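User: Please take a close look at one loop residue in this model. Then show me how the places around the rest of the chain are built.

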Amino acid sequence: MAVFFTVALMTMACPLLAFDMGQSTRCVAIPHKMHVCKDVGYSEMRLPNFLGHSSLESEVVPHSEDWRPLLQTGCHPQAQAFLCSLIAPVCLDTFIQPCRSLCVTVRESCAPVLACQGHSWPDVLDCDRFPAEEDMCLSHHGKPGIFSKGLPKSACQNCPYVEEAPESKTILDSFCSHDFAVTAKLHRLRLPTGEPEFEIEGRVEFIRQGPLLLYDTRHLLQQWLLINVRCARALLRPGRSQLYVLTGSVQHDGTLSLTRVFPWHRKDANIAVAFRKWKHHRC
């Protein structure tokens, strides 16, 4: 995942600069296997697209997959609309580019995710190249929904400290000194492309709930793994699952910060002892 963006951006940097609004275009159906833009809200796209791709099979579909890991991080709710307006522009009587304001909004949320993986916001998506709001373009819209406003969110961070075979007192102190503590089984597998994928297996169990929400925490940790892929790789080998105790805090800006991680092995009795002490005495 760390390299997914580099190849894609190198191949796309020049075509956008050279795209000619006056060139002949055609409308085609968005292919079902083009998963990135499958549910974008319209069924036909214009070719060539704004990235200069004219072939569905050899350019559009394979290059669209390069963006999927970024979209899976959930870096911005309109990231898909922004990217698909370039990859699969809607087929109307006129060209509809993304507005500059939409680009800026998406960049502010998604550029830190790229930076977390060692990449800067690409020149091909320089927001100054897109039209201003008063022109006909795809704009950003709406305020945060009632269900997302104020929710904790995942962000890039330094990797948490992983402690093997900790003493029960160390674990209990971590429960007391952090906002939350949960148990979660993390899993790493490999996709056919060779890119690793991380997921939360089963339920997330609360030890100390703190500011986390019951219905949101599994998704929150999933997003953390996808954003902090370098940390996730250090935690898991390909094809392996591991149960962890995760402790951390929610910062003043609402971002989740994992601080200490304890692998829970079958023969590790200290974590179980810490659980019992926590239930009976707390802090």
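Analyst: Start with a term. A helix here is a DSSP run of H or I with at least four residues, and helices are numbered from the N terminus. This is a predicted model. It has 9 helices and 9 strands.

Now the residue. Asn228 sits in the loop between helix 7 (217-227) and helix 8 (229-235). Is Asn228 buried or exposed? Buried means under 20% relative accessible area. Asn228 has a relative accessible area of 1%, so it is buried.

What does Asn228 touch, once residues up to four places away in sequence are set aside? Its contacts are Cys116, Ala155, Cys156 and Gln157. With Gln157 there is also a polar contact: a polar atom of the Asn228 side chain lies 3.0 Å from the backbone nitrogen of Gln157.

Next, follow the chain to Ser154. It lies in the loop between strand 4 (137-138) and strand 5 (161-162). Ser154 has 15% relative accessibility, so it counts as buried. Its side chain takes part in two polar contacts listed here. One polar atom of that side chain is 2.6 Å from the backbone oxygen of Leu220. The side chain also reaches the backbone nitrogen of Trp224, at 3.3 Å. Leave out neighbours within four places in sequence, and Ser154 is in contact with Leu220, Gln223, Trp224, Ile227 and Leu256. Helix 7 spans 217-227, and among these partners Leu220, Gln223, Trp224 and Ile227 carry numbers in that range.

Contacts between distant parts of the sequence are a theme of the whole chain. Take contacts with a separation of 6 or more: residues 24 or more positions apart account for 72% of them. Burial is also easy to state. Of the 283 residues, 47% count as buried.

Helix 4 (residues 79-87) shows burial in a helix. In helix 4, 7 of the 9 residues are buried, so the helix is largely enclosed by the rest of the structure. The buried ones are Ala79, Phe82, Leu83, Cys84, Ser85, Leu86 and Ile87. They pack against strand 2, helix 2, helix 3, strand 3 (97-98), helix 5 (100-116) and strand 4.

Pick out Leu86 from that helix. Its relative accessible area is 1%, so Leu86 is buried. Leu86 and Phe50 are 36 residues apart in sequence, yet their C-alpha atoms are 5.0 Å apart. Beyond neighbours within four places, Leu86 is in contact with Asn49, Phe50, Leu51, Pro98, Leu125 and Phe130.

Asp66 gives another long-range pair. It lies in the loop between helix 2 and helix 3 (68-72). Its C-alpha atom is 9.2 Å from that of Val36, which is 30 residues away along the chain. Asp66 has 22% relative accessibility, so it counts as partly exposed.

Two backbone details deserve a look. Most residues other than glycine have a negative phi, and most peptide bonds are trans. Where does the chain depart from the trans form? A cis peptide bond joins Leu47 and Pro48, with omega about -5 degrees. Pro48 is in the loop between strand 2 (44-47) and helix 2 (56-65). The other detail is at Ala165, where phi is positive, near 50 degrees. Ala165 is in the loop between strand 5 and helix 6. At 58% relative accessibility, Ala165 counts as exposed.

That loop leads on to helix 6. Two packed helices are described by the angle between their axes and the distance between the axes. The axes of helix 6 (residues 168-177) and helix 9 (residues 269-281) come within 8 Å and cross at roughly 45 degrees. The two helices are therefore oblique to each other. Their crossing is right-handed.

Which residues meet there? Helix 6 supplies Ser168, Ile171, Leu172, Phe175 and Cys176. Helix 9 supplies Asn270, Ile271, Val273, Ala274, Phe275, Lys277 and Trp278. By class, this contact has 9 nonpolar, 2 polar and 1 charged residues.

Back to the start, then. Asn228 is a buried loop residue, and its side chain makes a polar contact with the backbone nitrogen of Gln157.

How values were computed: Residues numbered from 1 in each chain as written. Predicted model: local features only at pLDDT ≥ 70, side-chain atom pairs only at ≥ 80, totals over all residues. Heavy atoms only, no water. Axes fitted to C-alpha atoms, helices over the stretch in contact; angles between N-to-C directions. Parallel < 35°, antiparallel > 145°, perpendicular 65-115°, else oblique. Left-handed = near helix turned anticlockwise from the far one by under 90°. Contact = heavy atoms within 4.5 Å. Nonpolar A, V, L, I, M, F, W, Y, C, P; charged D, E, K, R; others polar. Buried < 20%, exposed > 50% of the residue type's maximum accessible area, 1.4 Å probe, protein only. Polar contact = N/O pair within 3.5 Å; in protein donor to acceptor, adjacent residues only side chain to side chain.
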